[in-house]
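Let us read a structure together, one feature at a time, with a learner asking and a teacher answering.

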Amino acid sequence: MECLYYERGNDNAIICNLCPHNCVIKEGNVGICRVRKNSDGKLIALNYGRITSYAYDPIEKKPLYHFYPGKPILSIGSYGCNLACDFCQNWEIAHDERLTMEIDKEDILLLSSSGGSIGIAYTYNEPSMSYEYIKHISKVMRKHGLKNVMVTNGYINEGPLIELLPYIDAMNIDLKAMTDEFYRRICKGSLKPVQETIKRAVESTHVELTTLIIEGENSSDEEMEALGEWIANIDEDIPLHLSKYHPAYKMKLPETKYEVLMRAKDITKKYLNHVYIGNVWGVDNNTYCPHCHNRLINRYSTAEIVGIKDNNCTKCGNEVNIIY
Ligand code: SF4
């Protein structure tokens, strides 16, 4: 499949404009993501329609806590990634060669509407690396009343993002740190394009954010203050998921301590109405009304709406910003 968003450069090279790397790709070569190849002067999406894994997950696993709580969603992934995070939890999919299968449009449609699924979550690897495929499938989903969810690193150029957003119902975007130094050293990317993506996405779709807290790398009090404040300046209702880091891929630092996560929560909570902890059992991840602290959603084994009626808190009547 020929890619969108590229132009011809000098000496038969191609410039890919999908993400901020803007790779200059010589004939026969691939870009940093390994899935876009200059083949006879055309940029080809090598992973178009190639699926590495699929599963039905509760939407909370994406994580999305304020978007159809408790509902299952078909989750599919391909391969390829435009960042190279040392701590990648999905490196076998993102960076390694994997077996793939092709699932045609009719089967995707059938799978995404079975078992109570509300649609598709494009996840596991970086979904924007399957840009053309997602653009195609998301339009089909939309036509059939199904939802499109992206779990993304947000490292995409503005043009392609704007073109895709009208078909996307919800996004979980990684905000991996609040320093460009972290993005450059540990992820081989940069912070600003991710922040721009978040600001753009919030204007047109439901957005939740995830930060993997790596003790000593992005967990300082100053950074948590900056994180909470920056998000609140966009919208204090954006849910933030603080996930516990475990050693993975190239990063061998010890796992983040519970106390560090809870301190990160305390600090960001000064600015934000909803902060959740990920990858830890037994923490209070229920959703509470920011005005009267009435419990809106229980999250024990499965999510259950208990304090919302007609989009309002049942105790104080405050409007809640939750899609259900
Ligand atoms: S999408 Fe891939 S090929 Fe295109 S600029 Fe980004 S990393 Fe390079």
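The dialogue below goes through the sheet, a hairpin, the core, the cysteines and the ligand.

Q: What should I know before I begin?
A: This is a predicted model, in which local features need pLDDT of at least 70 and side-chain atom pairs count only at pLDDT 80 or more, while totals for chains, interfaces and linings use all residues. Residues are numbered from 1 along each chain as its sequence is written, and side-chain values use heavy atoms, with hydrogens and water left out.

Q: In what order do the three strands of the open sheet lie, and how do they pair?
A: Strands of a sheet pair through backbone hydrogen bonds, either parallel or antiparallel. Here the order is E1-E2-E3 and the pairing is antiparallel, where strands are DSSP runs (E, at least two residues) numbered from the N terminus and two of them pair if DSSP finds at least two bridges between them. Strand E1 (6-8) and strand E3 (24-25) are the edges, each pairing on one side only. Between E1 and strand E2 (residues 14-16) there are three bridges, and Glu7 has Ile15 in E2 as its bridge partner.

Q: Which side chains of strand E4 are buried, and which are not?
A: Buried means under 20% relative accessible area, exposed over 50%, and partly exposed in between (1.4 Å probe, protein chains only). Along E4 (residues 36-39), Arg36 and Asn38 point to one face and are buried, whereas Lys37 and Ser39 point to the other and are not. E4 pairs with strand E5 (residues 42-45) in the antiparallel sense over four bridges, and in their hairpin, which has two residues between the strands, Asp40 takes a positive phi near 50°.

Q: Which residues touch the most other members of the largest nonpolar core?
A: In soluble globular proteins, nonpolar side chains tend to be buried together. A nonpolar core is a set of buried Ala, Val, Leu, Ile, Met, Phe, Trp, Tyr and Cys residues joined through side-chain atoms within 4.5 Å; the largest one here has 76 residues, of which Phe87, Leu175, Ile231 and Leu242 touch the most other members.

Q: How many disulfides does a search of the whole structure find?
A: A disulfide is a pair of cysteine sulfur atoms within 2.5 Å, and the search finds zero. For Cys85, the nearest cysteine sulfur, that of Cys187, is 3.3 Å away; Cys85 counts as buried, at 7% relative accessibility.

Q: Which residues come nearest to the ligand?
A: A residue is near a molecule if one of its heavy atoms lies within 4 Å of it. Of the 13 residues around the ligand, Cys16, Cys19, Asn22, Cys23 and Cys33 come nearest.
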